[in-house]
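Me: I'm new to this one and want to know what the labels rest on. Can we go through them together?

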Amino acid sequence: MTKDKAALRVGMAGYAFMGAAHSHAWRSAHRFFDLPLIPELTAIAGRNQSAVEHAATQMGWASTETDWRALIERDDIDLIDICTPGNTHAEIAIAALKAGKHVLCEKPLANSVAEAQEMTAVAAEAARNGVFAMCGYSYRRTPALALMKRMVAEGKVGAIRHVRAQYLQDWLSDENAPLTWRMDKAKSGSGALGDIGAHSIDAAQFVTGQRITGVSAIMETFTTQRPTGGDYVGLGGNGTVDENTEMGPVTVDDAVIFSARFDAGPIGVFEATRAALGRKNAMRLEINGTLGSLAFDFEDMNFLQYYDERDAAGERGFHRIMVTEPEHPYVGNWWPTGHGLGYEHGFTHQVVELVTALGNKTQPTPSFAEALGVQRVLAAVEESATNNSHWTTTNIEETP
C-alpha cells in the first residue's frame, strides 16, 4: 500500500453495538487489504454529547457531532455510515445521497417497503452521478458462507430442492430483560423478523442466486410487557421486577416461522427467534440439491459442511471443510491456515467490498435495490402472519 492514495473520509451516525463493529472495520480494512482508497474515521454523531465523545475516543474517531445533519453538511466527509435504529434510516440516507455523499446503511434497509422504495429510487439517481449506496448485510462476507455461494454456483449440489434457514438467539428468553428500542415497532419495524430474520432471507437469496416469491408465516410475541428500567447488557439485559416496577408494551415479535418458495422452484423453511435458550448466535443455512448438500452454522463459523452424493457407496457422509485456506474467500489476507476468523471480520470484508467498488466507481453490493427485495419479503411475512398464514406473494417483480 502506498501513502499517496486518496482518503475516503467517513462520518458515522450511531455508536452502540453496530457502531463499534463498523468502527473496527473502518480502522482495520486497509491494514490487511490493498484498497484503492484509505478510510479515515473523520466524525461520529450521537445525541448524547458526553457519550458520543467517549465513543469517539474509544473507537478512534477524530471528531464528534450531536446531530447527524451536521455530518452531511461537512465538506470533509465523503461517506455516511448509518448505524442507527431503522426508523431513521430513510431520512438520513436520502439526505446524504442528495448531498452527494456515499452511504453505507445497516440492515434492514428501512421499516417499510414504501421507505425502502424511496431510498432505492434516490440511490439509483445518485448512482447515475457517481454516488453509491450499499446495505450492510455483513454475513455475506463470512468466508464459509461466501464459499457456500461459490460451491452452489459451481454446481456442487446440483439443482437446489430445499433451503432451510434458522437464526436462533436467546437474549430475550428472560421476561425481565428491559424494554429497549428493539422491542418498539415504531423504531425497529419488527422484532426477530427484521432484526435477525432479515439476515437469513438475504443469505438464502445470496447463496442460491434466487429470490423468494411467496411465503406463509406465523409470528409470536411470548412476553408482551417488559420492565422499562433495569441494566442494559449487550443486546438485552436484566432487571428485578416487583409490584412497583414500571412496565411497557412489547410491540414486536419474539419469534417467526415461515415457509417460502423461490423463483426457480426450490422450497424453503425459515425460523428466527430471540427466545431459544442456549442458542447465542446460531445463524444457520442448509441447501439440499440433486447432487449434494451444504450446511453452515455461524456458531461454528470457520467450517462448512459438505455432502457429495457422487462419493463412492459406503464412503458418503458430511465432511467439514475448514475455511482457512488462502484459496478461500477473503482468508488469504489474514492469518496462516487453521487460524480462524471471528464475527468482526465480516464487517471488515464489507468495508473492503465497499471501498473497492467506490475506488472502481462501480455499484457495491448488496445495493439498495437488493435490500428492497429483502424488505418485500419481510412485509409479505408480516402480512401473511396477520392473515392466518395466508399464502402471500412478495411482489418481487416490482423490485428494480
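Me: What makes a side chain positive or negative here, and how many of each are there?
Reply: Lys and Arg count as positive, Asp and Glu as negative, while His and the chain ends are left out. That gives 34 positive and 49 negative side chains in the protein. The centres of the two sets lie 5 Å apart, with each charge placed at NZ of Lys, CZ of Arg, CG of Asp or CD of Glu.

Me: Where do these numbers come from?
Reply: The model is predicted, so local features need pLDDT of at least 70 and side-chain atom pairs pLDDT 80 or more, while totals for chains, interfaces and linings use all residues. Residues are numbered from 1 along each chain as its sequence is written, and side-chain values use heavy atoms, without hydrogens and water.

Me: How do you know whether the radius of gyration agrees with a compact globule?
Reply: The rule, over C-alpha atoms, is 2.2 Å times the number of residues to the power 0.38. For 400 residues that means near 21 Å, and the protein has 21 Å, so the two agree.

Me: Why is Thr273 called buried?
Reply: Buried means under 20% relative accessible area with a 1.4 Å probe, protein chains only (exposed is over 50%, partly exposed in between). Thr273 has 7%, so it counts as buried. Across the protein, 54% of the 400 residues get that label.

Me: What does Thr273 touch?
Reply: Contact means heavy atoms within 4.5 Å. Leaving aside residues up to four places away in sequence, Thr273 touches Tyr167, Leu168, Gln169, Ala192, Ile196, Asp254 and Ala255.

Me: And what makes Thr273 part of a strand?
Reply: A strand is a DSSP run of E, at least two residues, numbered from the N terminus. Thr273 lies in strand S14, residues 267-273.

Notes
Helix = DSSP H or I, 4+ residues; strand = E, 2+ residues; numbered from the N terminus.
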